[in-house]
Amino acid sequence: MGTPVRRALLSVSDKSGLPELAQFLASKNVEILSTGGTARSLRDAGLAVVEVSEHTGFPEILDGRVKTLHPRIHGGILNLRDEPTHRAAVRDHGIEDIDLVVVNLYPFEETVASGAALEACIENIDIGGPSLIRAAAKNHRHVTVVVDPADYQAVMDQLAGGGISSDLRRRLAAKAFDCTAAYDAAIGTWMDDQWGTEEKLPPRLMMTASLNQRLRYGENPHQDAALYSRSAGKGLANAVQLQGKALSYNNLNDADSAVRLVNEFDHPAAVIVKHANPCGVAIAEYSAEAYRKALSCDPKSAYGGIIALNRPLDTECASEIVKTFVEVVIASETDEAAREILARKSNLRLLSCTDAGISGDIVLRAISGGYLAQTPDDARTTPADLRVVTRRQPTDAELADLLFAFTVCKYVSSNAIVLARNGATTGIGAGQMSRVDAAHIAVSKCSSAEQSVVASDAFFPFPDALQVAIDGGATAAIQPGGSKGDEAVIAAADEAGIAMVFTGRRHFRH
């Protein structure tokens, strides 16, 4: 038989499921201690409650900041029931055991996310709650701690059988420490943002995220996977799915690349991603035209791809999209007529996603024994950043395409070569060990590379990869520059009569 419960302390901000739990405890003759709003809620439900101040003989003070921080509370939780000296101490001081602690914390993250004033955020930093949770979790051999209303039923089921098992107490204790760790991490991160170090990569990395959904599997069926999200409610992790079957790990990974890239552009834009690389990108006067231009880059690779738009999805664009097989479509919003069109493809996932561009989050990648961390690649290249290094200047049209192509390069796996013309990609070579091979792939994807510009995510170390693009018909090039071979590369460009600009900035993506 598990551990019985004779006295419980209930103090919660989230009162969902609370009346049912309290009614059950009362039916089992469990004495209920409570505080403030929780006590009022329980009394309104017709339940007998002992106020904590009555139990301790000490009133709540400092506007409720001090109420549960008392030896009669923490002694009742922390004493070891099988340790004679502990039992003698609680008897001597009139301390009564507390066997069940049900606490959830002030809504700090929700308060911050609401845009509340600084003092309101400070007041929503819970002190007594984490102390109660940690005390009960530490003494889980004798005490049950519950921080999530989703666990109320499991506790009631076991109490109905006479007591709470050690297995459940251990699992709930682990969950409790996860809760307080995440809570403190959220507060620490917020305070760092307010007053902390100016270092972009802090001495100690703190992060907190909540399980959003478990995915069927990871990149491959033998891998477990899940989606976690922050509580702010923004970005792809918090997108609203409007239709279609469940998203997969690969869907979400590809969608992240798509939404980040499409939000780089001010003009209406469409991005098609396959296996984390764009296979078509375009800007235009309206979304449907941008999508048609993006699709024409590589329609074969676009089959089964992910589409992201930076404008609301309308009927014209939806009518174009359903002409081919698409896995996921992402837009900030979709009108009802467009949704009816997409609904014909029942498996197509339609997402509504806001604020999905580049954020200030640290970018993490797990390695054996630790993490690599870096700031996001949020640098944007403007005309003022460019240095013309060839005899021929780029035309205004070429200049616009060069900046467009270089932006796309940020999202193409290195080595990356992007060809573009009239605000649309015409060929993309991604993820090759040789830049020459990447150039050959990009040119081979074009029905005609003539009058295209070429962008490289890193410098051309030799003229060979540039020459592939020139032979394919490229008229202008953009690259970071900075190679020992720059002079030879510039000479090759001059000999071919093309324009070339240096950015002074590379965009490796691995």
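## A pocket, a loop residue and the overall fold

At about 820 Å³, that's the volume of the second largest pocket. Its lining counts 24 residues, and Glu109, Val147, Cys179, Ala182 and Ser210 sit closest to the pocket's centre. Keep in mind that this is a predicted model.

Where does the lining of this pocket come from? Helix H6 (108-113), helix H10 (166-195) and strand S6 (210-215) each chip in at least two residues. H10 gives the largest share, 5 residues. By residue class, the lining of the second largest pocket splits like this:

| Class in the lining | Number of residues |
|---|---|
| Nonpolar | 11 residues |
| Polar | 6 residues |
| Charged | 7 residues |

Now for a single residue, Asp97. You'll find Asp97 in the loop between helix H5 (84-92) and strand S4 (100-103). Is Asp97 buried or exposed? Its relative accessible area is 16%, so Asp97 counts as buried, the cut-off being under 20%. The side chain of Asp97 makes a polar contact of 3.1 Å with the side chain of Asn79. Leaving out residues up to four places away in sequence, Asp97 touches Arg7, Gly76, Asn79, Arg81 and Arg87.

Zooming out, the protein has 19 helices and 21 strands. The C-alpha atoms fill a box of roughly 95 × 50 × 45 Å along the principal axes. The radius of gyration is 30 Å, whereas a compact globule of 510 residues would come in near 24 Å. Buried residues make up 47% of the 510. Of the contacts with a separation of 6 or more, 56% link residues 24 or more positions apart.

Conventions
Residues numbered from 1 in each chain as written. Predicted model: local features only at pLDDT ≥ 70, side-chain atom pairs only at ≥ 80, totals over all residues. Heavy atoms only, no water. Helix = DSSP H or I, 4+ residues; strand = E, 2+ residues; numbered from the N terminus. Buried < 20%, exposed > 50% of the residue type's maximum accessible area, 1.4 Å probe, protein only. Polar contact = N/O pair within 3.5 Å; in protein donor to acceptor, adjacent residues only side chain to side chain. Contact = heavy atoms within 4.5 Å. 1 Å grid on protein atoms, 1.4 Å probe; cavity = no way out; pocket = protein on both sides within 12 Å on 5 of 7 lines; lining within 4 Å. Points joined across faces, edges and corners; volume = space filled by probe spheres on them. Nonpolar A, V, L, I, M, F, W, Y, C, P; charged D, E, K, R; others polar. Rg over C-alpha atoms; globule rule 2.2 N^0.38 Å.
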